[in-house]
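Trainee: Could you take me closely through one part of this model, a pair of packed helices and what surrounds them, and then set other parts beside it?

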Amino acid sequence: MCGIVGCTGSAPVKDVLISGLKRLEYRGYDSAGIAVQKPAGPGGAPAPDLVVVHRVGKVAGLESELEHQSIPGTCGIGHTRWATHGRPSTANAHPHTSCAGDIAVVHNGIIENFAELREELIARGHHFTSETDTEVLPHLIEEAYEGAPDGTGAEEATHDLLRAVRRAMRRVVGAYGIAVTCAQEPGVIVTTRKDSPIVVGRGADASYLASDLIALIDATRDVVILEDGECARLTPDGITYYDAAGKAMEPRITHVDWDLDMAEKGGYPDFMIKEIMEQPRVVRDTLAGRMVGGELTIDELGLTPEELNLIDRVYVIACGTSYHAGLIAKNLIERWARIPTEVEAASEFRYRNPIITPSTLVVAVSQSGETADTLAAIRDARIKGAKVFGITNVIGSPVARESDGVIYTKANKEIAVASTKSFIGQVVSLSLLALSLAQAKGRMTTGEVRMLFREMGDTAEQIQWIFDTQEPAIEEAAAAMKDAHSALFVGRGIASAICYEGALKLKEISYLHAEAYAAGEMKHGPIALIDPGFPVITVATQSPVYDKTISNLKECEARGAKIIAVATEGDEDIKQIADHVIYVPRVRDCFTPITATVPLQLLARSVALLRGCDVDQPRNLAKSVTVE
Ligand code: M6R
């Protein structure tokens, strides 16, 4: 989520860092900062000091603050922070520094064992100034650098930043991409990563690093994408790379032939596909840090387990795609926590008189966090005495500010108007909420919660499997329906909610009329639409209602429908009824929305492209709907 840049050369780096951070703004962030080494003193003597400037707010604000400061240093690191541990504030903004102030670190990721490391470090006399997980890093590196006792028995000083970083990171559990600079080592930056990207490159007269290629593209097209555990040591004269065992290695240089527009899209032709492809990461990031010591933890709920236990009714209020995530939440909250749950379009909720008591929980779901109807519904619910919990993708958005508690989906900024990755982030977040409620109500054991949490995490790889194997099937299905005038999406149980989202995706970007129905409803009206060749898209994955879905599909087949089925890998029988089959991996029914929505997003995009539509900016639609 956070953005990282670093540069060391012979010219002042302040402006290079700021322009790199601006390139990373698209990721969404709440604060920004830089740390720059003070230039060497007279006679080349090192000036063991760093200038660190960090503040809450936009990069432009940081830039204006720096305008009035002379910062001639030629080696520095920078960061845009997307709050995870600790609220957005100047104290929590990176870079974070060691006690002596001579080591600065920027970090992207989550340190899962930060609480125990922080406690240990405080016991050994370290002083902390922020609430972040990141701040343990400069202190751990400081101990390794100075040879202070760190409880591991490896007490000798390294006085070598690279070795100190490597030693410190052995203590860390979690995900990280980091850049570190130390005033004692003029011109040196060390970077390493695990589960968080770091890209390194050599420009004409300086060495660069970033968490995203887009921040390097003006400096170089030849980059090295670090793998987990690898390190790089950057100096003004060059870069040395080290493998996970610490041995110097030859860099794997990737030549990037992208223009800026392509780089912003991660090399993809449009934002929609880039965002669809990010979904495995969204699953991982949304789950990261949620299982602490074997316990599901959602501190942001702002409710104690006792208060959660008292909740006897849930309303999910949302619009569009977020409303569809709400339909899935209803299924899961009722299934796992046995709390009656209603899902309502925010535009309707605000104008009726819903039954709300102090034990009602209202969950407001909004990618943008500024949808006018959802906000009005939140205000109304709070006046009526409900606790309101927000699920949004935008830090500090009105939905976040006006709710009693908030979960941020970890989708990063979504640019395509059609929501894709934010939907997956919402579904994962709502699943976590449903598990918390089930746990608080005593409806699920800790062991069951852990098992479901683990299986939810597995969907990241399962989505990747869909990308890797199903493209031809999706393209074939898209070609078969591109000239249709209308399409029906049908499914049963939780799959009906997936179908609503699939139909919305198709209509909003391809302008092909599409409706979704619970498959059992077909014979009560919609089946009249079916004539030979009419596309019926179904989610018919393995579930307790699979056979029922097949019966409904047979009714469509008998009338000549062209059936496109999303089915479970290995289901050969479905081919007897479906003209086109797109497979998804076998998952527990409750997690089908996380996997089976993905091929429907891809199908909608392919149909839209075949029909010559702009998939990122469909006509008549806006990304956030701030009017009623
Ligand atoms: O920002 P929100 O989640 O509150 O937005 C709600 C809808 O406007 C949004 O989901 C819309 O339906 C998208 N275009 C769907 O792709």
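**A helix pair and its surroundings**

Mentor: In this predicted model, the axes of helix H3 (residues 114-123) and helix H4 (residues 136-146) come within 10 Å and cross at roughly 50 degrees. An angle under 35 degrees would count as roughly parallel, and one from 65 to 115 degrees as roughly perpendicular, so H3 and H4 are described as oblique to each other. Their crossing is left-handed. On the H3 side the residues that meet the partner helix are Phe 114, Leu 117, Arg 118 and Leu 121, and on the H4 side they are Val 136, His 139, Leu 140 and Glu 143. Sorted by class, this contact of H3 with H4 has 5 nonpolar residues, 1 polar residue and 2 charged residues.

Turning to H3 itself, Phe 114, Leu 117 and Leu 121 are buried in this helix. These three lie on the same side of H3, because the arc they cover around the axis is only 65 degrees. Glu 119 and Ala 123, on the other side of H3, are exposed. The packing partners of the buried H3 residues are strand E6 (103-111) and H4, and Phe 114, Leu 117 and Leu 121 also appear among the residues through which H3 meets H4. After H3 comes Gly 125, which has a positive phi, near 100 degrees.

The surroundings of H4 also bring in Cys 99, which is placed in the loop between strand E5 (96-97) and E6. Leaving aside residues up to four places away in sequence, Cys 99 touches His 126, His 127, His 139 and Glu 142, and His 139 is one of the H4 residues that meet H3. With a relative accessibility of 41%, Cys 99 counts as partly exposed, since that class lies between the buried limit of 20% and the exposed limit of 50%. Cys 99 and Leu 24 are 75 residues apart along the chain, and their C-alpha atoms are separated by 29 Å.

A second helix pair can be set beside this one. The axes of helix H17 (residues 494-510) and helix H19 (residues 592-610) come within 9 Å, with a crossing of roughly 20 degrees, and H17 and H19 are therefore roughly parallel to each other. The crossing of H17 and H19 is right-handed. Among the residues that make the contact are Ile 494, Ile 498, Leu 506 and Ile 509 of H17, together with Ala 596, Leu 600, Ala 604 and Val 607 of H19. The residues of the contact between H17 and H19 divide into 10 nonpolar, 5 polar and 3 charged.

Helix H1 (residues 14-23) offers another buried face, and here Lys 14, Leu 17, Ile 18, Gly 20 and Leu 21 are buried. They are on the same side of H1, because they cover an arc of only 160 degrees around the axis. The elements that cover the buried residues of H1 include strand E1 (3-9), strand E2 (31-37), helix H2 (59-67) and strand E4 (75-81).

Last comes a position in a strand, Gly 405, which belongs to strand E22 (residues 405-408). Gly 405 is buried, its relative accessible area being 6%. Not counting residues up to four places away in sequence, Gly 405 touches Glu 300, Leu 301, Val 388, Phe 389 and Gly 390. From C-alpha to C-alpha, Gly 405 and Leu 301 are 4.9 Å apart in space, although 104 residues separate them in sequence.

Technical notes
Residues numbered from 1 in each chain as written. Predicted model: local features only at pLDDT ≥ 70, side-chain atom pairs only at ≥ 80, totals over all residues. Heavy atoms only, no water. Axes fitted to C-alpha atoms, helices over the stretch in contact; angles between N-to-C directions. Helix = DSSP H or I, 4+ residues; strand = E, 2+ residues; numbered from the N terminus. Parallel < 35°, antiparallel > 145°, perpendicular 65-115°, else oblique. Left-handed = near helix turned anticlockwise from the far one by under 90°. Contact = heavy atoms within 4.5 Å. Nonpolar A, V, L, I, M, F, W, Y, C, P; charged D, E, K, R; others polar. Buried < 20%, exposed > 50% of the residue type's maximum accessible area, 1.4 Å probe, protein only. Arc of directions from axis to C-beta.
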